[in-house]
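Welcome to a short set of exercises. Please look over the sequence and the model, then try each task before reading its solution.

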Amino acid sequence: MKKKEIQELLKNHKLWLSGDGDGRRADLTCADLTCADLTGANLTGANLTYANLTGANLTDADLTYANLTG
């Protein structure tokens, strides 16, 4: 995924977490996040099933209740 796509997805996920009807839960199923910078990202409840996180920077990322299957 490109940086801009990730930023948009995280913005919409933040809205979803706050209960805003315009937000959407982050669905990163099978996403290629190789070497992505997810520093400080709030991925609470996100779906990361089979996402490729090889080399991704998850420093201070919140993965509470995130689905990391696969």
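The exercises below go from open and closed spaces to the core, a charged pair and some single residues. This is a predicted model, in which local features need pLDDT of at least 70 and side-chain atom pairs count only at pLDDT 80 or more, while totals for chains, interfaces and linings use all residues. Residues are numbered from 1 along each chain as its sequence is written, and side-chain values use heavy atoms, with hydrogens and water left out.

**Exercise 1. The pocket**

Task: Find the residues that line the largest pocket and sort them by class.

Solution:
- Start from the term: on a 1 Å grid over the protein atoms alone, a pocket is an open set of points with protein on both sides within 12 Å along at least five of seven lines, and a cavity is a set where a 1.4 Å probe fits but cannot get out; lining residues have an atom within 4 Å of a point.
- Next comes the volume, the space filled by probe spheres set on the points, with grid points joined across faces, edges and corners. For the largest pocket this is about 200 Å³.
- The lining consists of M1, K3, I6, Q7, L10, T34, A36, D37, L38, T39 and A41.
- Now sort them: Ala, Val, Leu, Ile, Met, Phe, Trp, Tyr, Cys and Pro count as nonpolar, Asp, Glu, Lys and Arg as charged, and the others, Gly among them, as polar. The result is six nonpolar, three polar and two charged residues.

**Exercise 2. The cavity**

Task: State how many cavities of 30 Å³ or more the structure holds, and describe the lining of the largest cavity.

Solution:
- The search returns one cavity of 30 Å³ or more.
- The largest cavity has a volume of about 40 Å³.
- Around the largest cavity sit M1, I6, L9, L10, L28, L33, L38 and L43.
- By class, this lining has eight nonpolar, no polar and no charged residues.

**Exercise 3. The nonpolar core**

Task: Which members of the largest nonpolar core touch the most other members? Follow two of these residues, L38 and L48, through their contacts.

Solution:
- A nonpolar core is a set of buried Ala, Val, Leu, Ile, Met, Phe, Trp, Tyr and Cys residues joined through side-chain atoms within 4.5 Å. Buried means under 20% relative accessible area, exposed over 50%, and partly exposed in between (1.4 Å probe, protein chains only).
- The largest core has 14 residues, and L28, L33, L38, L43 and L48 touch the most other members.
- L38 counts as buried because its relative accessibility is 4%.
- For contacts, use heavy atoms within 4.5 Å. Leaving out residues up to four places away in sequence, L38 touches I6, L33, L43, L53, N57, L58, T59 and A61.
- With neighbours within four places likewise set aside, L48 is in contact with L28, L33, L63, A66, N67, L68 and T69.

**Exercise 4. The charged pair**

Task: Locate the salt bridge of K11 and place both partners in the fold.

Solution:
- Side chains of opposite charge can pair when their charged atoms come close.
- The rule asks for a side-chain nitrogen of Lys or Arg within 4 Å of a carboxyl oxygen of Asp or Glu. The count by this rule is one salt bridge.
- K11 pairs with E8, with 3.8 Å between the closest N and O atoms.
- Both residues lie in helix α1, three residues apart, about one turn of the helix. Helices are DSSP runs (H or I, at least four residues), numbered from the N terminus.
- K11 is partly exposed because its relative accessibility is 47%, and E8 is partly exposed at 39%.

**Exercise 5. Single residues**

Task: Is H13 buried or exposed, and what is the sign of phi in C35 and D60?

Solution:
- H13 belongs to helix α1, residues 3-17.
- H13 is buried because its relative accessible area is 0%.
- Beyond residues up to four places away in sequence, H13 touches R24, R25, A26, N42, L43, T44, G45 and A46.
- Phi of C35 is positive, near 60 degrees, in a residue other than glycine. C35 is exposed at 58% relative accessibility.
- D60, also not a glycine, has a positive phi of about 60 degrees. D60 is exposed at 67% relative accessibility.

Key:
Helix = DSSP H or I, 4+ residues; strand = E, 2+ residues; numbered from the N terminus.
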